[in-house]
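Here's a quick briefing to go with the structure. Take a look at the fold, then read on for the aromatic residues.

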Amino acid sequence: MAFDHYVAICQPLQYPIIMNPQFCVCMTLASLLNGLVYAAPTRALSKAFSTCTPHILVVSVFLSSGTGVYLRPSATSDTLQDMLLSACYTMIPPFLNPIIYSLRNNR
């Protein structure tokens, strides 16, 4: 994020060229990998993965179903399929949150 601000302030005319979507994805992945590398002991790393994995799954279900609902062309979309995707988008993540927290509290 600091690099984003630096480019916006120091090179405003070249901002769209430098901060393209591919660069942003690469910077995000580098940041995630950097955080994993600096998670020191193996025990802490396994605890971090056991805590983060269910949340990542819920977020991916939320984003993928939301993306499916909003990026489909409305002229060719099936109403039943739209309703199912909307149900996944609105009901599955809140349903999974108590399950995730109860599993985490049992450990």
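Going from the N terminus, the elements of the protein chain read α-α-α-α-α. That makes five helices and zero strands. Keep in mind that this is a predicted model, with an average pLDDT of 76 for the protein chain. The main local story here is a cluster of rings: Phe3, Tyr6 and Phe23, linked by ring pairs.

**Confidence**

- In the protein chain, 79% of the residues score a pLDDT of at least 70.
- Helix 2 (residues 15-18) comes out with the highest confidence, at a mean of 87.
- Helix 4 (residues 42-71) sits at the other end, with the lowest mean, 73.
- As a general caution, predicted coordinates should not be read in detail where pLDDT is low.

**The chain overall**

- The protein chain has 107 residues, and buried ones make up 8% of them.
- About 8,600 Å² of the protein chain is exposed, and carbon and sulfur atoms supply 71% of that area.
- Take the contacts in the protein chain between residues at least 6 apart in sequence: 37% of these join residues at least 24 apart.

**The aromatic pairs**

- How many aromatic pairs does the count come to? The count comes to two.
- One of them joins phenylalanine 3 and tyrosine 6, whose ring centres are 6.2 Å apart; their planes stand at 35 degrees, which falls between the 30 and 60 degree cut-offs, so the pair is tilted.
- Both phenylalanine 3 and tyrosine 6 belong to helix 1, where they are three residues apart, or about one turn of the helix.
- Phenylalanine 3 also pairs with phenylalanine 23, at 5.7 Å centre to centre and 50 degrees between the planes, and this pair is tilted too.
- That second pair links distant parts of the chain, with phenylalanine 3 in helix 1 and phenylalanine 23 in helix 3 (residues 21-37), 20 residues apart.

**How covered the rings are**

- Is phenylalanine 3 buried, partly exposed or exposed? Phenylalanine 3 has a relative accessible area of 35%, and because that lies between the 20% and 50% cut-offs, it counts as partly exposed.
- Tyrosine 6 has a relative accessible area of 43%, so it is partly exposed as well.
- Phenylalanine 23 is also partly exposed, with a relative accessibility of 26%.

**Around Phe3 and Phe23**

- Phe3, Tyr6 and Met27 make a nonpolar surface patch of about 290 Å².
- Phenylalanine 3, a member of that patch, lies in helix 1 (residues 2-10).
- Which residues does phenylalanine 23 contact, leaving aside its neighbours within four places in sequence? Phenylalanine 23 is in contact with Phe3 and Ile18.
- To put the pieces together, phenylalanine 3 pairs with phenylalanine 23 in the ring cluster, and Phe3 also helps make the nonpolar patch with Tyr6 and Met27.

Definitions and conventions
Residues numbered from 1 in each chain as written. Predicted model: local features only at pLDDT ≥ 70, side-chain atom pairs only at ≥ 80, totals over all residues. Heavy atoms only, no water. pLDDT = per-residue confidence, 0-100. Helix = DSSP H or I, 4+ residues; strand = E, 2+ residues; numbered from the N terminus. Patch = residues over 30% accessible without salt bridge, like charges linked within 9 Å, V, L, I, M, F, W, Y side chains within 5 Å. Areas by Shrake-Rupley, 256 points an atom, 1.4 Å probe, with all protein chains shown as cover. Salt bridge = Lys/Arg side-chain N within 4 Å of Asp/Glu carboxyl O. Buried < 20%, exposed > 50% of the residue type's maximum accessible area, 1.4 Å probe, protein only. Phe/Tyr/Trp six-rings, centres within 6.5 Å; stacked < 30°, edge-to-face > 60°. Contact = heavy atoms within 4.5 Å.
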